[in-house]
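Biologist: I'm new to this one, so could you take me through a single part of it slowly? I'd like to hear about the metal site and whatever sits around it.

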Amino acid sequence: MLDGAPSADLFADDPPQTGTARLGPQAYVLRGFALPWLDALWPALQSVITQAPFRHMETPGGQRMSVALTNCGALGWVSDRHGYRYTPRDPDSGLPWPALPAPLAELAREGARSTGFGRFEPDACLVNRYLPGARLSLHQDRDERDLSHPIVSVSLGLPALFIWGGLQRADRTERVPLLHGDVAVWGGVDRLRFHGIAPLRQAHHSLTGAQRINVTLRRAR
Ligand code: SIN
Ligand code: FE2
């Protein structure tokens, strides 16, 4: 869908979508679900980013990730030469990660509840920043202790193509647009589906400028 885009501005500020896309028996994209939370959520995210700035981490293989990230909540996801893990402190500052903003926790609970995952209480919130060209290669989210909790993932700003695969790396993948305000939720039998993000296209969004922000809420412990 995004291939051959004639203009850099084509995908900025897509008209809000509604409804639910089903990606699997227990996987959904709730179109525009985060939009009512934006007025509370956006300033809260700015505060998080001020306290714990975005940084590019290294993969265990020694590659610099094109996505920049930070965290809030009791635990933050980090990557370095030693591997992937959750830590209670920001390794750059030595300080605890900023607190999880209440509107984000509420959005995560509501997103989970409305897709059949009751009693979801996130303790880890990863904030990813994609500039044009940034991508996330195919992976599973499997660093969490109890995989019965779902993943709730909020997209803000520039649109992206979510690469959605199966339970095996080699399984067929589909490409699903994730637009500003969309909330993806996956869990249960779909919890370990491989997924990633295709290289972000250059464009401008009225809220975020030339970037996409993804906020992924999880129960890590
Ligand atoms: C992730 O898989 O951690 C992020 C996915 C996204 O950016 O939508
Ligand atoms: Fe992921």
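**The iron site and its sheet**

Modeller: Let's start at the metal: the site of the iron ion (ligand 2) is irregular, with angles of 90 to 172° among its four donor atoms. For comparison, four tetrahedral donors would ideally give 109.5 degrees. Keep in mind that this is a predicted model.

Who holds the iron on the protein side? The protein donors of the iron ion (ligand 2) are His139 through NE2, Asp141 through OD and His195 through NE2. They lie 2.1 to 2.2 Å from the ion. Along the chain, the donors follow the spacing H-x1-D-x53-H. That long gap links distant parts of the chain: aspartate 141 is in the loop between β8 and β9 (151-157), while histidine 195 is in strand β13 (residues 195-197), 54 residues apart.

Are these two buried or exposed? Aspartate 141 has a relative accessibility of 5%, so it counts as buried, because the cut-off for that is under 20%. Histidine 195 is buried as well, with a relative accessible area of 4%.

Now follow strand β13 into its sheet. Four strands form an open sheet in the order β8-β13-β10-β11, and the pairing is antiparallel. The edges belong to β8 (136-139) and β11 (174-178), each of which pairs on one side only. On average, neighbouring strands here are turned by 20° against each other, direction ignored. In general, strands of a sheet pair through backbone hydrogen bonds.

Further across the sheet, strand β10 (residues 160-164) pairs with β11 in the antiparallel sense, over five bridges. One detail to look for there is tryptophan 164, whose bridge partner in β11 is glutamate 174.

Back in strand β13, have a look at isoleucine 197. Its relative accessible area is 5%, so isoleucine 197 is buried. Which residues does isoleucine 197 touch, not counting those up to four places away in sequence? Among them are Ala160, Leu161, Phe162 and Ile163, along with Leu136 and Leu178. Tyr130, Arg135 and Arg212 are touched by isoleucine 197 too. Take leucine 161 as an example: isoleucine 197 and leucine 161 are 36 residues apart in sequence, yet 5.8 Å apart in space, C-alpha to C-alpha.

So, to retrace the route: histidine 195, a donor to the iron ion (ligand 2), is in strand β13, and β13 comes between β8 and β10 in the sheet order.

Conventions. Residues numbered from 1 in each chain as written. Chains lettered and ligands numbered in written order. Predicted model: local features only at pLDDT ≥ 70, side-chain atom pairs only at ≥ 80, totals over all residues. Heavy atoms only, no water. Pairing = 2+ DSSP bridges. Helix = DSSP H or I, 4+ residues; strand = E, 2+ residues; numbered from the N terminus. Axes fitted to C-alpha atoms, helices over the stretch in contact; angles between N-to-C directions. Donors = N, O, S within 2.8 Å, 3.2 Å for Na, K, Ca; no water. Tetrahedral: all angles 85-135°; square planar, octahedral: opposite > 155°, others 65-115°. Buried < 20%, exposed > 50% of the residue type's maximum accessible area, 1.4 Å probe, protein only. Contact = heavy atoms within 4.5 Å.
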